[in-house]
Amino acid sequence: MALLVVNDLRTEFKTDSGRVQAVRNVSFQLEQGEALGVVGESGSGKSQMMYSIIGLLAENGIVESGKILFDGKDISPSQFAKKKEYDEFMREIRGNSMAMIFQDPMTFLNPVLKVETQLIEPMLNHTDMTKEQAREKALDLLRKVGIPSPEKRITQYPFEFSGGMRQRIVIAIALANNPKLIIADEPTTALDVTIQAQVLELIDDLKRESNSAIIMITHDLGVVAKLCDRIAIMYGGKIVEIGTDKDIFYNPKHPYTEGLLRCISNPEDDDEKSLTPIAGSPPDLLNPPKGCPFVDRCEKAMRVCKDYEPEVTDISKGHQCACWLLDRRAVKQ
Ligand SMILES: Nc1ncnc2c1ncn2[C@@H]1O[C@H](COP(=O)(O)OP(=O)(O)OP(=O)(O)O)[C@@H](O)[C@H]1O
Ligand SMILES: [Mg+2]
């Protein structure tokens, strides 16, 4: 059975101007040990999709519908009569079998607690380890994520570390209880380029060593190419295409995926224009288009795309795409 099954997930935010439809009927599955990349431009719903799963939506966010199964358990918010019960349940899950790595390590680290405390607390709270055992494991974890002189460093505070080292500490904390799933939201974008490469290398090594599944959210197709077995492309709150790395890189079907690939096809070219994948701007999620979310920017748009939402077409096993071009019923005009 899959480790994570997300079915028809819909998340909205209440605002003064109306409801922002951040995640619109998203479905996907993740197997044990698998690495899934989630790619899409800013505002496409990547982070909110993950926060809906892990129970970290902002106060004004609501999971409107959908089912989330994790490790055989139903963790859909609708399962719980009270928000408090859900929050408690998810706090337990997050300390144990799901871990999250954020873009900015300081949103996660507590500036006034020593690294040691932050590393051993999740182990003491969620396992029956003694303090000594937890400290030993904490030192091991720091070694594993490449922090030199861990015995000395473990007694320091987060501000005594560089940005890259802080992110390594966050990764060590995430690994502390051998999570089944690690969700990383742009874990390297706040770091400078050489450090980015080192941290990605580290995540890649850890992935190979442990059997944790990883969901890696990123703007950068280059990152997922290196790290991920499967890739989901998000646009306008939807997954518009999902497939293996090979499907996405060598047999892309959605015009948006093609646009993203064109943008990275020549990494040597540092002309600013080549970094803008597709002209136009993303749809307004307060009032999303009733047809395909990409219709206004799509070079191949047909009449049907404006008024009707495309259904998901199976291209091959595990490769799906929601585009009218693939739907035999569509009148191609
Ligand atoms: N608390 C909130 N209230 C209202 N709207 C929100 C809130 N949080 C997020 N949104 C909206 O939800 C949509 C999806 O946001 P999300 O954070 O998932 O984007 P993203 O794909 O992660 O983008 P980025 O790459 O910039 O991180 C956006 O339109 C965003 O403005
Ligand atoms: Mg985000």
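What follows walks through the sheets, the ligand shell, the buried helices and a few backbone oddities of this predicted model.

To start with the strands, four of them make up an open, antiparallel sheet that runs in the order β2-β1-β4-β5. The edges belong to β2 (18-30) and β5 (73-74); each has just a single partner strand, so one side of each goes without a neighbour in the sheet. At the β5 end, the contact with β4 (residues 61-70) is antiparallel and rests on two bridges. Here Leu-69 sits opposite Asp-74 of β5.

A separate set of pairings involves β12 (residues 319-322). With β10 (residues 238-244), strand β12 pairs in the antiparallel sense over two bridges, and Glu-241 has Cys-321 in β12 as its bridge partner. The pairing of β12 with β11 (residues 312-316) is also antiparallel and takes in four bridges, with Val-312 standing opposite Ala-322. β11 and β12 make a hairpin with two residues between them, and in its turn Gly-318 adopts a positive phi of about 85°.

Now to ligand 1. Its surroundings comprise 17 residues, and those that come nearest are Phe-13, Ala-22, Ser-42, Ser-47 and Gln-48. Three elements supply two or more residues to this shell, namely β1 (4-15), β2 and α1 (46-54). Of these, α1 gives the most, with three residues. In character, the shell splits into 11 polar residues, five nonpolar and one charged. Strand β2 thus turns up twice, as an edge of the open sheet and as a contributor to the shell around ligand 1.

Turning to the interior, the largest nonpolar core holds 86 residues, and the members touching the most others are Ala-172, Met-216 and Ile-233. Helix α6 is the top contributor to this core, with eight residues. Looking at Met-216, and leaving out residues up to four places away in sequence, its contacts are Ala-35, Gly-37, Ala-184, Val-223, Val-224, Leu-227 and Cys-228.

Helix α6 (163-175) deserves a look of its own. Its 13 residues span 19 Å from first C-alpha to last, close to the 18 Å expected. Of those 13 residues, 11 are buried, so the helix is largely enclosed by the rest of the structure. The buried stretch includes charged and polar side chains as well as nonpolar ones, among them Arg-166, Gln-167, Arg-168 and Ile-169. Ala-172, one of the best-connected core members, is also among the buried residues of α6. The cover over these residues includes β6 (98-101), α3, α4, β7 (181-185) and α7 (193-209).

One of those covering elements, α3 (residues 115-126), has buried residues of its own: Val-115, Gln-118, Leu-119, Ile-120, Pro-122 and Met-123. They pack against α2 (83-96), α4 (131-144), α5 (150-153) and α6.

Finally, two non-glycine residues have a positive phi. Asp-8 comes in at about 55° and belongs to strand β1. It has 11 C-beta neighbours inside 10 Å and therefore counts as exposed. For Asn-178, phi is about 45°, and the residue lies in the loop between α6 and β7. With 12 C-beta neighbours inside 10 Å, Asn-178 counts as exposed too.

Conventions
Residues numbered from 1 in each chain as written. Chains lettered and ligands numbered in written order. Predicted model: local features only at pLDDT ≥ 70, side-chain atom pairs only at ≥ 80, totals over all residues. Pairing = 2+ DSSP bridges. Near = placed C-beta within 6 Å. Buried ≥ 20, exposed ≤ 12 C-beta atoms within 10 Å, placed from the backbone. Contact = placed C-beta atoms within 7 Å. Core = buried A, V, L, I, M, F, W, Y, C linked by C-beta atoms within 7 Å. Expected span 1.5 Å × (residues − 1).
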